[in-house]
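Biologist: Please take a close look at the interior of this protein, for a reader who is new to it. I should like to know which residues meet there.

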Amino acid sequence: MSINAIKRSIMTKFLETIIKPMSRTEFLANYLNNTPVITHGLLEHLDELTQQPFIKSLDSLFETWPTFVTAYMEGLADEANSQKVSTSEARELFQKGSGLCFDDANNFDPLLEKWPNAIRSELGLSALTYSRSLIYATKAGKGTDLHFDQNINFVIQISGTKKWWVAKNDHIENPLTRHTIGIDMDPELASYAHEGMPESFPENGTEYTLEPGSMLFVPRGSWHMTEAITDAVSLNFTFTAPSWIDLLTTALRGRLAQSSEWRETANFVSDEQLHHLAVDKFELLLAELSHDVPNWRAGDILGATEMRDFSN
């Protein structure tokens, strides 16, 4: 086996482990169609994860967590209605019904860094992807309110039973930011949310029950809400991947940064008397850019963002 083949086999085992018995090809068909996927019976394949202090038990998580915890406050069950609290405060709030999120566990545990990074590579996502491990603790009878995320999400149920309701987002295709029902949309999202927002869970949704060892793939932008049947802990691998917009603007900035004229301060853009000078200057820069753009190639841009040679 070649070195490259060995590297590929090492990378693929992480994704293949959590989608068993589905093959990568079958999974990608669902992934590209924004279709949820659920699998069960994974715990025996995740020994190296489940033995980690953050994952082993909720008590162990509280005892070993090194920083603040995000706690959902009374009212809207959403990160928009949350506070950072100490682990002792988090334990008390959890007993009172607050949902908890232990953010960016990958920053404190090498395995929780390795897994999302490997899955990102196997999915073929950009090197610019924000990959994270999040741990959620949910009290029985509690959950999260209806929302969608801009990220790709793999949920692994560690303990307890939790229900999820997931529905295709027919209101906004490929949203760039998350949104929760009952909260104002951010201005950019509102600019392309022409169909408005639903008032309740869409009729085309599906209910999923996650038990220890279940994995649920939640496509980017899907409407979803949850409720724990028992006290529940889950490990989420989330990926905020760049859009084509992000890749282009990142590469564009890198290219324009090489020009001293583009790096110049944008003077007089808000000066009523001298605004015409700003317009004239900007027109010259845009004219130069328009001559340069026809020479751009997708492979060159991807090579810049992924730091790889795509010429072959």
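Modeller: Contact, or touching, means heavy atoms within 4.5 Å. The model is predicted, so local features need pLDDT of at least 70 and side-chain atom pairs pLDDT 80 or more, while totals for chains, interfaces and linings use all residues. Residues are numbered from 1 along each chain as its sequence is written, and side-chain values use heavy atoms, without hydrogens and water.

The largest nonpolar core (buried Ala, Val, Leu, Ile, Met, Phe, Trp, Tyr and Cys joined through side-chain atoms within 4.5 Å) has 43 residues. Ile18, Phe27, Ile119, Ile135 and Phe154 touch the most other members. The greatest contribution to this core, six residues, comes from helix H7, which spans residues 110–123 (a DSSP run of at least four residues; at least two for a strand). Leaving aside residues up to four places away in sequence, Ile119 is in contact with Phe14, Leu15 and Ile18, and also with Phe154, Phe237 and Phe239. Separate from this core is a second one of eight residues, among them Leu146, Leu189, Ala193 and Trp223.

Another residue of the interior is Thr144, which is buried at a relative accessible area of 16% (buried is under 20%, exposed over 50%, partly exposed in between; 1.4 Å probe, protein chains only). Thr144 belongs to strand E6. Beyond four places in sequence, Thr144 touches Tyr72, Ala77, Met225 and Thr226. With Thr226 there is also a polar contact between the two side chains, at 2.9 Å (N or O atoms within 3.5 Å, one able to donate a hydrogen and the other to accept it; sequence neighbours count only through side-chain atoms).
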